[in-house]
Amino acid sequence: MDEYLVSARKYRPLSFDSVVGQIALTSTLKNAVKTGKLAHAYLFCGPRGVGKTTCARIFAKAINCLSPTAEGEACNQCESCRAFNEQRSFNIFELDAASNNSVEQIKSLMEQTRIPPQVGKYKVFIIDEVHMLSAAAFNAFLKTLEEPPAHVIFILATTEKHKILPTILSRCQIYDFERMTVANIISHLKHVAEREGYKYEQEALEVIAEKADGGMRDALSIFDQVASFCQGDISYKKVIEDLNVLDTDNYFNIVDASIDNKVSEVMVLINSIISHGFDGGQMILGLAKHIRNVMMAKDEITLKLIETSEQMKQRYAEQAKKCDNKFLYQALKLLNQCDINYKTSSNKRLLVELTLIQVAQITQPDDSASAGRRPRRLKSLFNRLSGTNRQPRAAIQVAAAKFDANSKNMTDGNGNANTNSQQVIENQENKNVYNPSRRPTLKLNGVPLGNSWENIRQRAAKKKLQIIPGSLPDNDPNLKTTDEQQEFSNEELEYQWLSMCNRMPEKYVGVASRMKNMCPKITVFPNVEVIADNQLILEQMEAIKVNILKTLRIYLRNNAIQLSFKLTNKKDEVKILSRKEQFEQMAEKNKLVDTLRELFGLELA
């Protein structure tokens with residue numbers, strides 16, 4: 001039995017023409033061989049498995065070939081080429097910098113550069129994974145790299161160019177290798193399968209190519225694994241089974257169900273996928289990639305950005321016609337957020353299910369109602385509670401008709417509604433439309449709830465009341481006595497009271513903060529009474545009573561105001577209600593509060 005070689009070694013390119021997917025680079029290297037214009041140092045960089053080391057070996061062999069072809073390829077007939085092919089060449093040295101990265105090993109390598117080649121023109125040193133060299137090794141290598149002997153050429157290879165010192169980069173010709181495209185990988189896999197005598201399906205090779213993620217070596221390794229599992233008959237079903245890859249049909253089905261807002265179908269698909277052993281995070285990543293491809297397929301210009309076969313591109317294009325951009329953008333945003341939170345989530349399955357439920361509801365109308373879907377927006381709910389849905393138009397018209405019948409003024413001789421009845425209908429409709437400016441004021445023991453400084457400021461602004469800037473009342477130069485006897489309301493009194501408290505200087509901050517919580521009342525106009533909570537605050541207010549009275553007289557434009565302070569009695573104290581009692585009082589004042597509780601199925605905690 002012959003010795004088995006993996007496909008990555010067995011079908012490793014031996015010439016520039018057999019290198020896959022690097023046409024521009026191989027053409028440049030062949031021209032350098034033909035013209036003899038060779039640099040002393042080259043840097044091959046790029047992702048894994050794209051041919052960096054392979055091209056370095058082919059280039060090294062072509063440089064030392066005694067009779068290269070007209071195209072710049074090695075002849076494979078001369079002594080130098082035969083020695084290289086038989087792995088006995090003394091002119092080409094390979095060093096793995098990952099395991100030989102010390103200063104001593106680099107110095108030993110530099111000693112070998114002094115010996116000229118016995119056969120051929122150049123000594124070629126291929127240093128793989130050069131970014132693994134230590135900083136000291138780089139410094140030891142730097143001088144020789146800058147001015148090597150005429151017979152020495154260095155070829156450095158790395159997957160992480162950013163880790164190499166800029167002084168090294170400046171002394172090399174840099175060649176950036178590209179990732180393998182799906183089409184190139186599929187083409188090469190077909191060639192290998194035909195050489196090995198394997199049967200294959202196009203879809204199976206597509207899965208292998210996508211799984212390789214741009215690396216030809218990875219693709220050939222996966223190909224060997226699949227070929228062993230399939231026993232020479234590489235089918236799509238066996239490939240996804242062996243590689244544990246989620247069938248793309250699942251992604252198409254999830255998107256189709258999400259467009260139609262079929263949450264139940266999406267949940268069944270998720271359960272089927274997870275029950276077959278697939279990770280929820282990988283499913284989210286795969287679905288995000290699928291939706292991204294659908295988005296690219298919406299335009300012919302971006303269709304080429306999808307790395308897949310032509311047949312699969314057509315499937316993406318067909319589904320793209322069903323999806324609008326809003327759905328695709330929002331779905332990608334939700335999936336990306338799920339991917340970010342997936343690792344830290346303690347209930348990963350629930351996170352995945354909630355995300356896909358949200359995706360399935362993107363195109364759902366706001367006013368639709370169905371089990372398992374998002375509730376209606378609160379705005380729509382309040383409009384339904386307070387709007388015409390609460391009292392249909394027909395009921396309004398009947399009520400208006402009864403009113404006009406009683407007044408014997410409902411219709412004219414032709415049976416048409418007259419002006420009075422029509423006006424009643426319009427007024428009744430307006431009353432049933434929710435208007436924030438007419439919402440009922442909730443009161444607790446006669447005291448309005450939510451009566452804040454901001455609310456009073458807004459009401460005062462409508463009445464065009466102005467705040468006169470000032471500090472301490474008796475020291476304010478803008479305050480002047482007045483002989484006016486202008487009337488004022490409790491609302492204006494509260495506004496000027498809070499305005500005065502906000503302007504009081506820093507030394508009165510304590511008393512001012514307590515005064516803000518008080519509600520001055522008009523007893524017998526223009527007498528004003530203020531009830532204090534305790535004796536201490538009463539004494540503090542008595543100390544500045546003259547200033548307070550002067551301020552109120554000027555700002556309220558009434559010189560007859562009299563101010564009195566009173567200590568609260570126990571019978572005057574407001575009872576502190578529990579949460580339940582507060583809710584009952586609010587529900588008694590406004591029945592919509594209790595209706596809202598019933599609709600949401602809420603219970604008092």
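# Reading the rings and the sheet

Mentor: Phe44 and Tyr175 are both buried, where buried denotes under 20% relative accessible area, exposed over 50% and partly exposed the range in between, with a 1.4 Å probe and protein chains only. The model is predicted, so local features need pLDDT of at least 70 and side-chain atom pairs pLDDT 80 or more, whereas totals for chains, interfaces and linings use all residues. Residues are numbered from 1 along each chain as its sequence is written, and side-chain values use heavy atoms, with hydrogens and water left out.

Trainee: How many aromatic pairs does a search of the whole structure find?

Mentor: Rings of Phe, Tyr and Trp (its six-membered ring) pair if their centres lie within 6.5 Å; planes under 30 degrees apart are stacked, over 60 edge-to-face, and the rest tilted. On that basis the search yields 10 aromatic pairs. In the pair of Phe44 and Tyr175, the ring centres are 5.6 Å apart and the planes stand at 85°, so the geometry is edge-to-face. Since Phe44 belongs to strand S1 (residues 41-45) and Tyr175 to strand S5, the pair ties together parts 131 residues apart in sequence.

Trainee: What is the geometry of the pair formed by Phe141 and Phe154?

Mentor: Phe141 and Phe154 are also an edge-to-face pair, with 5.2 Å from centre to centre and 85° between the planes. Phe141 is part of helix H6 (residues 135-146) and Phe154 of strand S4, so parts 13 residues apart in sequence are tied together. Phe141 has 0% relative accessibility and therefore counts as buried; Phe154 is buried with a relative accessible area of 0%.

Trainee: Which residues do ring pairs link into a cluster?

Mentor: The cluster consists of Tyr42, Phe44, Phe59, Tyr175 and Phe177.

Trainee: In what order do the strands of the open sheet run?

Mentor: Helices (H or I, at least four residues) and strands (E, at least two) are DSSP runs numbered from the N terminus, and two strands pair if DSSP finds at least two bridges between them. Here an open sheet of 5 strands, with parallel pairing, follows the order S2-S3-S4-S1-S5. Its edge strands, each paired on one side only, are S2 (92-96) and S5 (173-176). On average, neighbouring strands of the sheet are turned by 15° against each other, direction ignored; axes are lines fitted to C-alpha atoms, for helices over the stretch in contact, and angles run from 0 to 180 degrees between N-to-C directions. Strands S3 (residues 123-128) and S4 (residues 152-158) are joined in the parallel sense by 6 bridges, and Ile127 stands opposite Leu156 in S4.

Trainee: Which strands does helix H5 touch?

Mentor: Contact requires heavy atoms within 4.5 Å. Helix H5 (residues 103-112) packs on the sheet and touches S2, S3 and S4, its direction making about 160° with that of S3.

Trainee: Where is Val50 found?

Mentor: Val50 occupies the loop between S1 and helix H3 (52-64), and its 1% relative accessibility makes it count as buried. Neighbours within four places in sequence aside, Val50 contacts Gln22, Phe177, Glu178, Arg179, Met180 and Gly214. The C-alpha atoms of Val50 and Val20, 30 residues apart along the chain, are 8.4 Å from each other.

Trainee: Which ring does the charged end of Arg315 sit over?

Mentor: A charge sits over a ring if NZ of Lys or CZ of Arg is within 6 Å of the ring centre and within 35 degrees of the ring normal. The charged end of Arg315 lies over the ring of Phe252, 4.0 Å from its centre. For Lys545, the ring is that of Phe565, with 5.8 Å to its centre.
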